Amino acid sequence: FGEELAKEDLRYYIDTSLENASVSNGIYMAVVEGKAAPFLNYEYKNIEDIGQHVFRLIEQNVKQEYMISATLHQIAHDYYSIGRDLAMPTIKRDGEFVELSGVALFKGGKMVSTLPAKDSFYVKIVRDTFKVGLYETILEKEDIPPQLLHKPADKITVAFDAIHSNREMKLIDAKTPEFDLNIKIKSRVLEVFPDINQGDRESVAALEKAIEKKLSKEIARVIAHSQDVESDIFGFGEKYRSVVRHSNLTKDKWHEMYKDMKVNVNVDFVVLRDGVFE
């Protein structure tokens, strides 16, 4: 879908796609930065079939857990659910290259905002669970415990893979509403710069705490942005509706409540040693 069209409303296109027996529920849906026609009609030198190329690009990134999955089936579920909004990848052409540029956030059928590609990790870890993934982050000076480094540094680059995660949403106050969001992550650190002694338990514990602080801050930032644009792509409203009996929740009512919702983000990050993973 072109950007302008997505901002108007995709309801008609979602409905007609669902009713069309020739359209598979497994097709991927995405928003093009700018207009869709010039993106599709451009004569790419090294791409024979732009449709297949985009499909494979999305499929590969979904399988590697770099990007959220947005099939027609998933989009329809989120669109018709009370207490959840839909999200889909954004794509763009950069010269001869096509790339996934971020995540589009919707309120109802209208796109209301986007997040950059680097934030897709935080979106996915709140929406889904990770089984195998790769992530790189930069720990800023305020996130680094003094005992972690022998020499002072303004930042630490950390890359970790084989991410296993699970998350729990718990409604603790229905009036506000207020949620506890508990995310547990087990991962293997691939690379740390400057070097940190991963054989030292105290250093590893300090690194875990630093990563927990960083992830909690970034996840809270992404959720706060979704609240600003009233797009509950994480399904807090579904959780609220399942817990609060006779809530009579509607999409409009939840969007109003969502703006003022409070979320306590708690991340438990565990570094696994080599040889521990199955």
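In which loop is Glu33 found?

**Exercise 1. Place Glu33 and describe its surroundings.**

Solution. This is a predicted model, in which local features need pLDDT of at least 70 and side-chain atom pairs count only at pLDDT 80 or more, while totals for chains, interfaces and linings use all residues. Residues are numbered from 1 along each chain as its sequence is written, and side-chain values use heavy atoms, with hydrogens and water left out.

Step 1: Glu33 is found in the loop between β1 (31–32) and α3 (36–41), where helices (H or I, at least four residues) and strands (E, at least two) are DSSP runs numbered from the N terminus.

Step 2: at 40% relative accessibility, Glu33 counts as partly exposed, given that buried means under 20% relative accessible area, exposed over 50% and partly exposed in between (1.4 Å probe, protein chains only).

Step 3: leaving aside residues up to four places away in sequence, Glu33 touches Glu3, Thr90, Ile91, Lys92 and Ser101, contact being defined as heavy atoms within 4.5 Å. Glu3 is 30 residues apart from Glu33 in sequence, and their C-alpha atoms are 5.6 Å apart in space.

**Exercise 2. Carry out the same kind of analysis for Asp154.**

Solution. Step 1: Asp154 lies in the loop between β5 (134–140) and β6, and with a relative accessible area of 54% Asp154 is exposed.

Step 2: not counting residues up to four places away in sequence, Asp154 touches Leu139, Glu140, Lys141 and Ile144. From Asp154 to Glu140 the separation is 14 residues in sequence and 6.3 Å in space, C-alpha to C-alpha.

**Exercise 3. Describe the packing of α2 and α5, beginning with the geometry and ending with the buried faces.**

Solution. Step 1: two packed helices are described by the angle between their axes and the distance between the axes. Helix α2 (residues 11–19) and helix α5 (residues 72–80) pack at an angle of about 125°, with their axes 11 Å apart; the axes are lines fitted to C-alpha atoms, for helices over the stretch in contact, and angles run from 0 to 180 degrees between N-to-C directions.

Step 2: α2 and α5 are therefore oblique to each other, since angles under 35 degrees count as roughly parallel, over 145 as roughly antiparallel, 65 to 115 as roughly perpendicular and the rest as oblique.

Step 3: the contact between these helices is made by Arg11, Ile14, Asp15, Ser17 and Leu18 of α2 together with Leu72, Ile75, Ala76, Tyr79 and Tyr80 of α5. By class, the residues of this contact divide into seven nonpolar, one polar and two charged, where Ala, Val, Leu, Ile, Met, Phe, Trp, Tyr, Cys and Pro count as nonpolar, Asp, Glu, Lys and Arg as charged, and the others, Gly among them, as polar.

Step 4: in α2, Ile14, Asp15 and Ser17 are buried. Seen down the axis of α2, these buried residues fall within an arc of 165°, so they line one face of the helix, the arc being that of the directions from the helix axis to the C-beta atoms. The buried residues of α2 pack against α5, whereas Tyr12 and Glu19 are exposed on the other side of α2.

Step 5: the buried residues of α5 are Leu72, Ile75, Ala76, Asp78 and Tyr79. They cover an arc of only 170° around the axis, which puts them on the same side of α5. What covers them includes α2, β2 (87–94), α6 (120–127) and α9.

**Exercise 4. Work out how α8 packs against α9.**

Solution. Step 1: the buried residues of helix α8 (residues 236–243) are Phe236, Gly237 and Tyr240. Seen down the axis of α8, they fall within an arc of 95°, so they line one face of the helix.

Step 2: the axes of α8 and helix α9 (residues 251–259) come within 11 Å and cross at roughly 110°; α8 and α9 are therefore roughly perpendicular to each other.

Step 3: Phe236, Gly237 and Tyr240 of α8 make the contact with Trp254, Met257 and Tyr258 of α9. The residues of this contact divide into five nonpolar, one polar and no charged.

**Exercise 5. Examine the backbone at Glu65, Glu230 and Pro177.**

Solution. Step 1: most residues other than glycine have a negative phi, and most peptide bonds are trans.

Step 2: phi of Glu65 is near 65°, a positive value in a residue other than glycine. Glu65 is found in the loop between α4 (50–63) and α5, and Glu65 is buried, with a relative accessible area of 12%.

Step 3: Glu230, although not a glycine, has a positive phi of about 60°. Glu230 is found in the loop between α7 (201–228) and α8 and, at 14% relative accessibility, counts as buried.

Step 4: a cis peptide bond, with omega about -10°, joins Thr176 and Pro177, and Pro177 is found in the loop between β6 (155–173) and β7 (178–193).
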